[in-house]
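Load the model in a viewer and keep a selection prompt ready. The tour goes from one selection to the next and says what is there at each stop.

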Amino acid sequence: GRSEHDGKLMDKIQERAEATVILVGHVGFLDQPSMVFVRLQEAVLLDSVLEVSIPVRFFFLLLGPPTASIDYHQIGCYISTLMSDKHFHEAAYQAEKQQDLVTAINRFLDCSVVLPPSEVSSSELLLSLTRFQREILQGGEKEQSSQLQEKQISLQQDKGQSLK
């Protein structure tokens, strides 16, 4: 029954988990896509929306005209991927304005490796990419670290000049 399914699913979900509801689709009365991303101040239980009893904190709604140029379902998948990323998820909780979300999306994309379809098995591909991604991320960390050191040196020089 449904309760047995719910129990198995709930066993796999962490305590205090909160859900994101993502709704996408096309409607004939819109001329251009409209989208909204909402973070509720307090998570709420919406049993009629979800299959399991998890409080909902975020909503993403995208509606637009039925055009071939936009795949609304794919955009919904992208938002799901973003919300499943730990760093983006934290940024979404802390965002105070739209630009905070845009910055978090850019950070996510900077750390992402996009792969075209390939005939190489996924396990082989993942093993070869792990080292590559690690090098990219370490390179970014080294670059940020050197920029921070340059700023600190610059600040120290400024302080030294102002004391004279």
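Rings of Phe, Tyr and Trp, the last taken by its six-membered ring, count as a pair if their centres lie within 6.5 Å. By that criterion Phe37, Phe58 and Tyr93 form one aromatic cluster in this predicted model. The tour returns to the cluster below.

**Whole chain.** Start with a cartoon of everything. The protein chain has five helices and three strands, and along the sequence the pattern reads α-β-β-β-α-α-α-α. Of its 164 residues, 17% are buried. Among contacts in the protein chain with a separation of 6 or more, 64% are between residues 24 or more positions apart.

**The sheet.** Select residues 19-26, 34-45 and 55-64, which are strands E1, E2 and E3. In what order do the three strands stand in the sheet? The order is E1-E3-E2, in an open sheet with mixed pairing. E1 and E2 are the edge strands, each with a single partner strand, so each has one side without a neighbour in the sheet. From one strand to the next the twist averages 15°.

**E1 against E3.** Hide residues 34-45, strand E2, for a moment. E1 and E3 are paired in the parallel sense, over eight bridges. For a landmark, show Val21, which stands opposite Phe59 in E3.

**E2 against E3.** Bring residues 34-45 back. Is the pairing of E2 with E3 parallel or antiparallel? These two strands run antiparallel and are joined by eight bridges. Two positions mark the register: Ser34 has Leu63 of E3 as its bridge partner, and Phe37 stands opposite Phe60 in E3. In general, strands of a sheet pair through backbone hydrogen bonds, either parallel or antiparallel.

**The helix on the sheet.** With Phe37 and Phe60 still shown, add residues 72-84, helix H2. H2 packs on the sheet and touches E1, E2 and E3. The direction of H2 makes about 165° with that of E1.

**H3 and H4.** Next select residues 86-94 (helix H3) and residues 98-110 (helix H4). Their axes come within 9 Å and cross at roughly 175°. Angles over 145 degrees count as roughly antiparallel, and H3 and H4 are therefore roughly antiparallel to each other. Show side chains for Phe88, Ala91 and Ala92 of H3, and for Leu101, Ala104 and Ile105 of H4; these make the contact. How many of the contact residues are nonpolar, polar or charged? Six are nonpolar, none is polar and none is charged.

**Back to the aromatic rings.** A search of the whole structure finds two aromatic pairs. One of them is Phe58 with Tyr93, an edge-to-face pair at 5.0 Å centre to centre and with 85° between the planes. The two residues are 35 residues apart, so the pair links distant parts of the chain: Phe58 sits in strand E3 and Tyr93 in helix H3. Switch to a surface view to compare their accessibility. Phe58 is buried, at a relative accessible area of 1%, whereas Tyr93 is partly exposed, at 31%. Finally, add Phe37, which completes the aromatic cluster with Phe58 and Tyr93.

Note on methods
Residues are numbered from 1 along each chain as its sequence is written. This is a predicted model: local features need pLDDT of at least 70, side-chain atom pairs count only at pLDDT 80 or more; totals for chains, interfaces and linings use all residues. Side-chain values use heavy atoms; hydrogens and water are left out. Two strands pair if DSSP finds at least two bridges between them. Helices (H or I, at least four residues) and strands (E, at least two) are DSSP runs, numbered from the N terminus. Axes are lines fitted to C-alpha atoms, for helices over the stretch in contact, and angles run from 0 to 180 degrees between N-to-C directions. Contact means heavy atoms within 4.5 Å. Angles under 35 degrees count as roughly parallel, over 145 as roughly antiparallel, 65 to 115 as roughly perpendicular and the rest as oblique. Ala, Val, Leu, Ile, Met, Phe, Trp, Tyr, Cys and Pro count as nonpolar, Asp, Glu, Lys and Arg as charged, and the others, Gly among them, as polar. Rings of Phe, Tyr and Trp (its six-membered ring) pair if their centres lie within 6.5 Å; planes under 30 degrees apart count as stacked, over 60 as edge-to-face and the rest as tilted. Buried means under 20% relative accessible area, exposed over 50%, partly exposed in between (1.4 Å probe, protein chains only).
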